Every structure is written in C-alpha cells, then in structure tokens.
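User: Could you walk me through this structure with some questions and answers?

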Amino acid sequence: MMNYSNYLYIAIRAAIDAGKAIMDIYTDPTSDFEIERKADNSPLTKADKAAHKLIMNVLSVTPYPILSEEGKDIPHAERAAWETFWLVDPLDGTKEFIKKNGEFTVNIALIQKGVPVLGVIYVPVRKELYFSADSVGAYKLIADCDLQPSMDEIMQKATRLPVSMGHQGIVVVASRSHQSPETTDFIENLRKQGQPVTLISSGSSLKICLVAEGSADIYPRFAPTMEWDTAAGHAIARGAGCDVFHIDGRTPLKYNKKDLHNPWFIVKPLSSICLLFWSKGLK
C-alpha cells in the first residue's frame with residue numbers, strides 16, 4: 001500500500017488555506033460575493049475562484065494532475081491516461097455560502113485507479129477538519145485556519161472516526177438544498193419498518209461526514225451530483241468503515257468517468273443494523 005501521509009499534509013494545508021481565503025470574503029461586510037451563473041445555472045462566487053487558485057498552486061508541487069470543478073474542461077481522452085490525480089471542489093455548497101448558513105466546505109481528494117484513496121474536507125465556519133488516507137485512517141479535529149500545525153500535531157489532536165454517538169433508531173441525513181420526492185419516499189419506507197427514523201438536513205459534503213463520524217446511519221442521494229462533490233467525502237467514509245455505493249448498495253462509486261456526473265447513490269456503514277431497513281426501504 002502506498003504511503004500517502006506526505007500528500008495528506010499537503011492537501012490539509014491546501015484545504016485550510018483555501019478556507020481562510022473563503023472566510024476573508026465571507027466575513028467582509030463590504031463584499032457582495034460577485035455572484036455569477038455557470039452554464040448549468042449554478043452559482044459561482046469570487047470565493048470559489050480564490051479557493052480554486054490557491055489549491056491549484058499548493059497541489060502543483062505534487063507529481064499528479066488536478067481536476068477541479070472550476071477548471072473542469074479537460075477532455076476525457078486526456079484524463080483517461082491519469083492513473084492518479086487530484087479531484088477538487090474548492091467551495092462545495094456555494095448556495096449555502098451565499099445563504100451564509102455556514103454549511104459549505106473545501107473538498108480535496110486523491111484518486112488512484114478510480115478509487116478515492118485520500119480525502120480532506122474543511123468546514124471553514126466551524127473550523128472542522130475531516131481527513132483520511134488509506135495508510136492512515138479517517139479522523140476529525142478542530143483546526144483554526146490562522147494556525148499551521150505540523151502533521152504530528154494534527155494526528156495527536158485528531159479523533160479517529162467513527163465516533164459512537166449512541167443515538168436510537170435510524171438517523172437519515174439528507175440535502176438541505178436538493179430534497180427530492182425519491183428521498184422522501186425512501187425515508188417514509190424506512191419509517192414503515194417500525195424503527196424510529198430521525199431526519200437531519202445538511203448542506204455540501206458534510207452529509208457524508210455525518211455518516212462517517214457516526215452521527216447519521218445513512219445518506220441516500222436521489223439528485224444530481226458531480227464527482228468532485230463526493231470524492232473527498234468518499235475517501236473519508238472508506239477510512240471510517242463506510243462506503244459510497246450505487247443505489248444497489250453493493251457497487252462503490254468510481255471516479256474519472258467519461259461523464260463526470262455521479263449516479264444516484266447511498267452512503268452507509270459496511271456493517272450496520274440499518275442495512276436491513278435500507279434494503280427494505282428501496283422496495
């Protein structure tokens with residue numbers, strides 16, 4: 001197994017520094033965010049652009065190419081030759097950023113042969129850092145973007161995931177901005193099985209992190225996403241004993257496809273009592 005610890009620290013520094021750049025704009029009372037509209041009508045702000053530029057600069061010291069949401073127009077013919085590459089969403093949850101509800105993240109993943117082997121998610125407003133690598137495991141800690149701790153200091157302070165939360169019944173996490181009828185039906189089917197079901201709404205890649213840390217049992221996604229939306233969270237989920245599957249519950253998502261859209265998916269622990277209810281919930 002390749003040791004990713006050096007690359008992990010570079011990705012952590014890139015995510016935290018990008019978080020600082022985002023917060024400088026987020027907290028500026030004179031800033032209007034300079035909101036633009038992309039071709040798919042999704043919003044783009046100057047914070048997206050600033051974070052993208054910073055992350056590209058930091059990751060450029062590594063030998064791997066970078067695919068970022070804000071620099072995504074790389075032909076598949078070129079990408080297909082990439083065995084290992086960075087997959088980045090500089091500001092995941094731009095809608096949440098604009099709403100100023102704090103539920104946005106910086107996502108950085110390292111993909112090897114279609115599998116996310118390293119992931120970093122930073123939540124600038126909460127100063128929460130989630131990270132994982134196949135050679136390290138998945139962790140969470142509070143990381144102030146104004147500080148620059150060493151990797152040793154990070155590991156000493158971090159908490160290994162998952163953390164037992166001790167909740168009862170089944171906790172389902174769903175999108176705050178992209179709820180769908182299929183998600184509602186899924187939750188209602190779970191409730192019919194007799195177990196109490198609690199719904200948590202959250203934005204951005206935080207939803208995957210909630211399953212990885214144990215706050216939630218399952219995250220069904222019946223709405224469009226892109227590869228950069230899920231890759232970092234997928235790596236963290238893998239490091240915490242979970243995975244991100246196609247809706248069949250068996251086939252993990254793959255990355256660097258010709259079409260960068262994800263299929264509908266579900267995030268769940270590899271072994272959990274909620275698996276029984278999940279499988280019934282699909283019917």
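## Sheets, helices and an aromatic pair

Analyst: Happily! Please keep in mind that this is a predicted model. Helix α2 (residues 46–59) lies across β3, β4 and β5, running at about 155° to β4.

User: Which strands stand at the edges of the sheet of seven strands?

Analyst: Let's follow the order of this open, mixed sheet, which is β3-β4-β5-β6-β7-β8-β9. A strand at the edge has a single partner strand, so one of its sides is left without a neighbour in the sheet. The strands that fit are β3 (66–68) and β9 (159–160).

User: Which residue in β8 does F131 stand opposite?

Analyst: Start with the two strands: β7 (residues 128–133) and β8 (residues 137–142) run antiparallel and are joined by six bridges. Opposite F131, in β8, you will find Y139.

User: Are α1 and α2 roughly parallel or roughly antiparallel to each other?

Analyst: Two packed helices are described by the angle between their axes and the distance between the axes. Here the axes of α1 and α2 come within 9 Å and cross at roughly 155°. Angles over 145 degrees count as roughly antiparallel. Therefore α1 and α2 are roughly antiparallel.

User: How do the residues of the contact of α1 with α2 divide into nonpolar, polar and charged?

Analyst: Look at who meets whom: α1 brings residues including I10, A14 and D17, while α2 brings residues including K46, A50 and L54. The residues of this contact divide into 14 nonpolar, no polar and two charged.

User: Which parts does the pair of F186 and F222 tie together, and how many residues apart are they in sequence?

Analyst: A search of the whole structure finds 10 aromatic pairs. One of them is F186 with F222, a tilted pair with 5.9 Å centre to centre and 50° between the planes. F186 lies in helix α6 (residues 181–191) and F222 in the loop between β12 (219–221) and α8 (227–239), so the pair ties together parts whose separation in sequence is 36 residues.

User: In the sheet of three strands, which strands have a single partner strand?

Analyst: The order of this open, antiparallel sheet is β12-β14-β13. One side of each edge strand is left without a neighbour in the sheet, because each has a single partner strand. Those edge strands are β12 and β13 (242–246).

User: And which residue in β14 stands opposite P220?

Analyst: Three bridges join β12 to β14 (residues 265–269), and these strands run antiparallel. In β14, the residue opposite P220 is I266.

Key. Residues are numbered from 1 along each chain as its sequence is written. This is a predicted model: local features need pLDDT of at least 70, side-chain atom pairs count only at pLDDT 80 or more; totals for chains, interfaces and linings use all residues. Side-chain values use heavy atoms; hydrogens and water are left out. Two strands pair if DSSP finds at least two bridges between them. Helices (H or I, at least four residues) and strands (E, at least two) are DSSP runs, numbered from the N terminus. Contact means heavy atoms within 4.5 Å. Axes are lines fitted to C-alpha atoms, for helices over the stretch in contact, and angles run from 0 to 180 degrees between N-to-C directions. Angles under 35 degrees count as roughly parallel, over 145 as roughly antiparallel, 65 to 115 as roughly perpendicular and the rest as oblique. Ala, Val, Leu, Ile, Met, Phe, Trp, Tyr, Cys and Pro count as nonpolar, Asp, Glu, Lys and Arg as charged, and the others, Gly among them, as polar. Rings of Phe, Tyr and Trp (its six-membered ring) pair if their centres lie within 6.5 Å; planes under 30 degrees apart count as stacked, over 60 as edge-to-face and the rest as tilted.
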